[in-house]
Amino acid sequence: MNMAYPERQFGMVVQRYAGSVARQGHTLSLDARLLLTAMARANNTGHAIFNKGELREILSKRQLDGRLKPASRSTVYATLKKLRDAGLVLPGGGETCVWLPRDLWERKLDRGGMCPAHHTWESQRIGWDERVA
């Protein structure tokens, strides 16, 4: 483990656990589940790439009879908007990529794979300093 930059190791430690909690934590809010899901899937530069409809399945709601009902597309997009407004995800991507800002997520300095939704492999800062002012 590179102790010179321990904050970069956080992503590697939390990824497995975050995905499990997001899929099993039906009592958590949708925004918490979506953020944990993105953290579990994010590459080195914060791009969490999903197949079409996959986020709807992950954000399923348990029905009274025990079956899971997938979230609607509008629910996914409303949840993404809530996370964007809070500064926890970057714009664009929608159902196929949730892009985490570098201030929140950076696994290591290597660039990630090309993101098909954003057409970049780079990370991006969200500018926390400007948001606080």
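Here are some short exercises with worked solutions on this predicted model.

**Exercise 1. The overall layout**

Work out how many helices and strands the protein chain has, and in which pattern they follow one another.

*Solution.* Start by counting: the protein chain has five helices and four strands. Next, walk along the sequence, and the pattern reads α-α-β-α-β-β-α-β-α. Now turn to burial: 39% of the 133 residues of the protein chain count as buried. For the surface, the protein chain exposes about 8,000 Å², and carbon and sulfur atoms supply 54% of that area. Finally, take the contacts between residues at least 6 apart in sequence: 56% of them join residues at least 24 apart.

**Exercise 2. Two packed helices**

Describe how helix α2 and helix α4 pack, and say which residues meet.

*Solution.* Two packed helices are described by the angle between their axes and the distance between those axes. Begin with the locations: α2 covers residues 30-41 and α4 covers residues 73-85. Their packing angle is about 80°, and their axes lie 9 Å apart. Angles of 65 to 115 degrees count as roughly perpendicular, so α2 is roughly perpendicular to α4.

Then list the two sides of the contact:

- From α2 come Leu30, Asp31, Leu34 and Leu35.
- From α4 come Thr75, Val76, Thr79, Leu80, Lys82 and Leu83.

Sorted by character, the residues of the contact of α2 with α4 are six nonpolar, two polar and two charged.

**Exercise 3. The loop before α2**

Find where Leu28 and Ser29 lie, and decide for each whether the residue is buried, partly exposed or exposed.

*Solution.* First, place the residues: Leu28 sits in the loop between α1 (10-24) and α2, and Ser29 also belongs to the loop between α1 and α2. Second, check accessibility, where partly exposed runs between 20% and 50%. Leu28 has 33% relative accessibility and therefore counts as partly exposed. Ser29, at 38%, counts as partly exposed too.

Third, look at the surroundings. Setting aside neighbours within four places in sequence, Leu28 is in contact with Val21, Arg33 and Leu36. The side chain of Ser29 makes a polar contact with the side chain of Asp31, at 2.6 Å. You met Asp31 in Exercise 2, as one of the α2 residues meeting α4. Ser29 and Thr79 are 50 residues apart along the chain, and their C-alpha atoms are separated by 9.6 Å.

**Exercise 4. A charged residue in α3**

Is Glu54 buried or exposed, and which residues does Glu54 touch?

*Solution.* Locate Glu54 first: its place is in helix α3 (residues 54-58). The cut-off for buried is under 20% relative accessible area; Glu54 has 18% relative accessibility, so Glu54 counts as buried. Not counting residues up to four places away in sequence, Glu54 touches Arg23 and Arg41. With Arg41 there is a polar contact between the two side chains, at 2.7 Å.

**Exercise 5. Around Phe50 and Cys97**

Trace where Phe50 and Cys97 lie, and give their separation in sequence and in space.

*Solution.* Take the positions one at a time: Phe50 lies in the loop between β1 (47-49) and α3, while Cys97 is found in strand β4 (residues 97-99). For burial, Phe50 has a relative accessible area of 4% and is buried; Cys97, at 0%, counts as buried as well.

Now compare sequence and space. Phe50 and Cys97 are 47 residues apart in sequence and 5.9 Å apart in space, C-alpha to C-alpha. For Cys97 and Ile49, the values are 48 residues and 4.4 Å, again C-alpha to C-alpha.

To finish, collect the contacts of Phe50, leaving out residues up to four places away in sequence: Thr37, Ala38, Arg41, Leu55, Ile58, Glu95, Thr96 and Val98. Arg41 links back to Exercise 4, where Arg41 was a contact of Glu54.

Conventions:
Residues are numbered from 1 along each chain as its sequence is written. This is a predicted model: local features need pLDDT of at least 70, side-chain atom pairs count only at pLDDT 80 or more; totals for chains, interfaces and linings use all residues. Side-chain values use heavy atoms; hydrogens and water are left out. Buried means under 20% relative accessible area, exposed over 50%, partly exposed in between (1.4 Å probe, protein chains only). Contact means heavy atoms within 4.5 Å. Accessible areas come from the Shrake-Rupley method with a 1.4 Å probe; for residues, only the protein chains shown count as cover. Axes are lines fitted to C-alpha atoms, for helices over the stretch in contact, and angles run from 0 to 180 degrees between N-to-C directions. Angles under 35 degrees count as roughly parallel, over 145 as roughly antiparallel, 65 to 115 as roughly perpendicular and the rest as oblique. Ala, Val, Leu, Ile, Met, Phe, Trp, Tyr, Cys and Pro count as nonpolar, Asp, Glu, Lys and Arg as charged, and the others, Gly among them, as polar. A polar contact is a pair of N or O atoms within 3.5 Å; within protein, one must be able to donate a hydrogen and the other to accept it, and residues adjacent in sequence count only if both atoms are side-chain atoms.
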